[in-house]
Amino acid sequence: MIQSKRADVKPRFAHVLVIDDDQDLLRLLSMRLHAWGFRVSTASSAEEGLARIAVEPPQLVVSDIRLPGKDGLALFDEIRTTRPTLPVILLTAHGTIPDAVQAMSRGVFSYLTKPFDSKELHEKIQQALQLSPVCIGQETGQGDDWREGIVFRSSCMAELMEEARVVAVSDASVLIRGESGTGKEVLARAIHRASRRAKAPFVAINCSAIPEQLLESELFGHVRGAFTGATSAHPGLFQAADGGTLFLDEIGDMPLALQVKLLRVLQDQAVRAVGSTRAEPVDVRVISATHRDLEVAMAEGLFREDLYYRLDVVTMVLPRLDDRREDIPILASYFVQQLVKKYDKCITGIAPEALEVLASASWPGNVRQLYNVVEQSCALATTPLITLTLIQRALRVPTMEALSYADAKQRFERNYLVQLLKLTDGSVADAARIADRNRTEFYRLLQKHELSPDMFRGAANNAGTADR
């Protein structure tokens with residue numbers, strides 16, 4: 001069992017977003033939070049708060065209920081939909097206490113009435129942050145090392161990594177979904193590193209890469225004489241992963257006969273080797289992954305429903321690279337840093353026009369394809385900068401134009417603008433050019449969504465750490 005020490009967690013330097021249209025109260029709250037050791041950002045409306053969350057997700061939101069336009073309850077509903085692990089504390093006047101109580105029944109962490117007591121506010125913030133991924137990381141002593149090899153600046157990846165760190169501290173089975181090349185095994189390894197099993201083995205197997213007659217022996221082991229050629233006993237991967245994590249990649253391709261035996265192992269927490277009459281206990285956490293639609297497979301009788309519910313305690317979905325385009329430049333730069341060591345070349349980076357082509361290209365092979373393109377370019381590079389010609393040669397397909405704003409759906413307008421400004425590090429001229437809008441019109445769009453270019457400048461320095 002995990003021994004909790006959360007009462008001792010000191011969530012200093014955690015990022016808290018405060019939202020209130022009362023500028024005097026906003027300044028007062030900021031001063032107190034700074035004095036308590038927190039990093040603070042502020043917003044005066046729900047829309048501005050949502051924009052700031054999209055740019056840099058905080059570990060906690062403290063918001064007034066009464067806000068201009070969208071109120072604090074509507075703000076919470078949107079946060080709950082997009083970031084279910086982000087705790088929210090609401091500030092309320094006496095007249096809105098019933099609303100606050102109702103909000104708590106829907107998932108708000110807590111509420112405080114105005115004027116609030118500073119000591120009570122401090123206590124509520126500490127309690128909320130103890131449930132936050134940043135404090136879970138402090139508790140396990142992992143810091144950010146657990147997500148080594150995962151580079152991102154997109155809000156969808158930031159949200160996914162928050163969820164990964166939360167689920168890592170439990171022993172819940174995790175099913176990772178995503179297209180080929182999105183980095184499912186990389187995420188599984190990160191969850192293992194963030195768990196209490198980090199010092200024990202991480203063992204991976206691709207269920208589609210091994211013939212059915214060998215897969216059972218690989219998973220469960222066999223005794224001597226179990227079949228022709230079994231000249232000695234062989235421990236399976238469940239035994240090899242004892243105390244640690246077993247990663248079952250492409251679980252959707254596992255034959256039905258083996259699904260029955262896997263279900264038995266998960267139910268009994270014991271494994272019986274092929275040819276043996278005795279089962280041996282094992283302590284293994286199972287993380288599985290698939291690019292298939294398992295619901296369809298179950299409907300077609302190709303995947304057992306009872307096994308599905310054993311494996312799918314927590315579902316995590318890796319986005320396509322096309323859905324996280326702001327990550328492409330820093331992913332490509334990260335891969336260059338790794339590959340210059342492999343090829344022993346003096347490459348300093350990728351030419352800006354080449355990066356722009358990478359950012360606008362189509363990526364059916366996702367992060368794996370991006371790595372392949374960068375590797376081919378590094379292997380052929382003869383200059384310090386990887387040129388546009390090398391990138392175009394490695395892509396082998398015509399590049400597509402960046403999406404114009406007119407093609408973006410209205411409901412994703414704010415996220416579209418955030419993506420563009422992240423991609424251009426806050427350059428309105430470059431963002432307006434990519435969006436095919438004049439600067440005056442683009443500034444009006446930014447003002448409409450309460451986005452400031454200053455929020456994005458230097459954002460690359462705050463990026464997380466790359467997947468492949």
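This report describes the fold, one sheet, two helix packings and an aromatic cluster in a predicted model.

## Overall make-up

The chain has 468 residues, and 50% of them count as buried. Its secondary structure comes to 20 helices and 16 strands. The accessible surface is about 22,100 Å², and carbon and sulfur atoms account for 50% of that area.

## The five-stranded sheet

Five strands make up an open sheet with parallel pairing, in the order β7-β10-β13-β6-β14. The edges are taken by β7 (202-206) and β14 (314-317). Each of these two has a single partner strand, so one side of each is left without a neighbour in the sheet. On average, neighbouring strands in this sheet are turned by 20 degrees against each other, with direction ignored.

Within the sheet, strand β10 (residues 245-249) pairs with strand β13 (residues 285-290) in the parallel sense, over four bridges. Leu248 stands opposite Ser288, which belongs to β13.

## Packing of α9 against α11

Two packed helices are described by the angle between their axes and the distance between the axes. For helix α9 (residues 212-220) and helix α11 (residues 256-268), the axes come within 10 Å and cross at roughly 10 degrees. Angles under 35 degrees count as roughly parallel, and α9 is therefore roughly parallel to α11.

The contact involves Glu212, Leu215, Glu216 and Phe220 on the α9 side. On the α11 side, the residues met are Ala257, Leu258, Lys261, Leu262 and Val265. An α-helix has 3.6 residues a turn, so residues three or four places apart point the same way.

## Helix α15 and its cover

Helix α15 spans residues 352-360, and its buried residues are Ala354, Leu355, Val357, Leu358, Ala359 and Ser360. Several elements take part in covering these buried residues. Among them are the helices α14, α16, α17 (388-395) and α18 (413-423). The strands β15 (349-350) and β16 (385-386) also belong to the cover.

## Aromatic pairs

Ring centres must lie within 6.5 Å for two rings to pair. By this rule the count comes to five aromatic pairs. In one of them, the rings of Tyr334 and Phe335 have their centres 6.1 Å apart and their planes at 65 degrees, so the pair is edge-to-face. Tyr334 is partly exposed, at a relative accessible area of 22%, whereas Phe335 is buried, at 1%.

Phe335 also forms an edge-to-face pair with Tyr371, with 5.0 Å from centre to centre and 85 degrees between the planes. This second pair links distant parts of the chain: Phe335 sits in helix α14 (residues 328-343) and Tyr371 in helix α16 (residues 366-380), 36 residues apart. Tyr371 has a relative accessible area of 12% and is buried. Ring pairs thus link Tyr334, Phe335 and Tyr371 into a cluster. The helices that carry the Phe335 and Tyr371 rings, α14 and α16, are also among the elements covering the buried residues of α15.

## The loop residue Phe109

Phe109 lies in the loop between α4 (97-105) and β5 (110-113). Its relative accessible area is 23%, and Phe109 is partly exposed. Phe109 and Ile89 are 20 residues apart in sequence, yet their C-alpha atoms are 5.7 Å apart in space.

Terms used. Residues are numbered from 1 along each chain as its sequence is written. This is a predicted model: local features need pLDDT of at least 70, side-chain atom pairs count only at pLDDT 80 or more; totals for chains, interfaces and linings use all residues. Side-chain values use heavy atoms; hydrogens and water are left out. Rings of Phe, Tyr and Trp (its six-membered ring) pair if their centres lie within 6.5 Å; planes under 30 degrees apart count as stacked, over 60 as edge-to-face and the rest as tilted. Buried means under 20% relative accessible area, exposed over 50%, partly exposed in between (1.4 Å probe, protein chains only). Two strands pair if DSSP finds at least two bridges between them. Axes are lines fitted to C-alpha atoms, for helices over the stretch in contact, and angles run from 0 to 180 degrees between N-to-C directions. Accessible areas come from the Shrake-Rupley method with a 1.4 Å probe; for residues, only the protein chains shown count as cover. Angles under 35 degrees count as roughly parallel, over 145 as roughly antiparallel, 65 to 115 as roughly perpendicular and the rest as oblique. Contact means heavy atoms within 4.5 Å.
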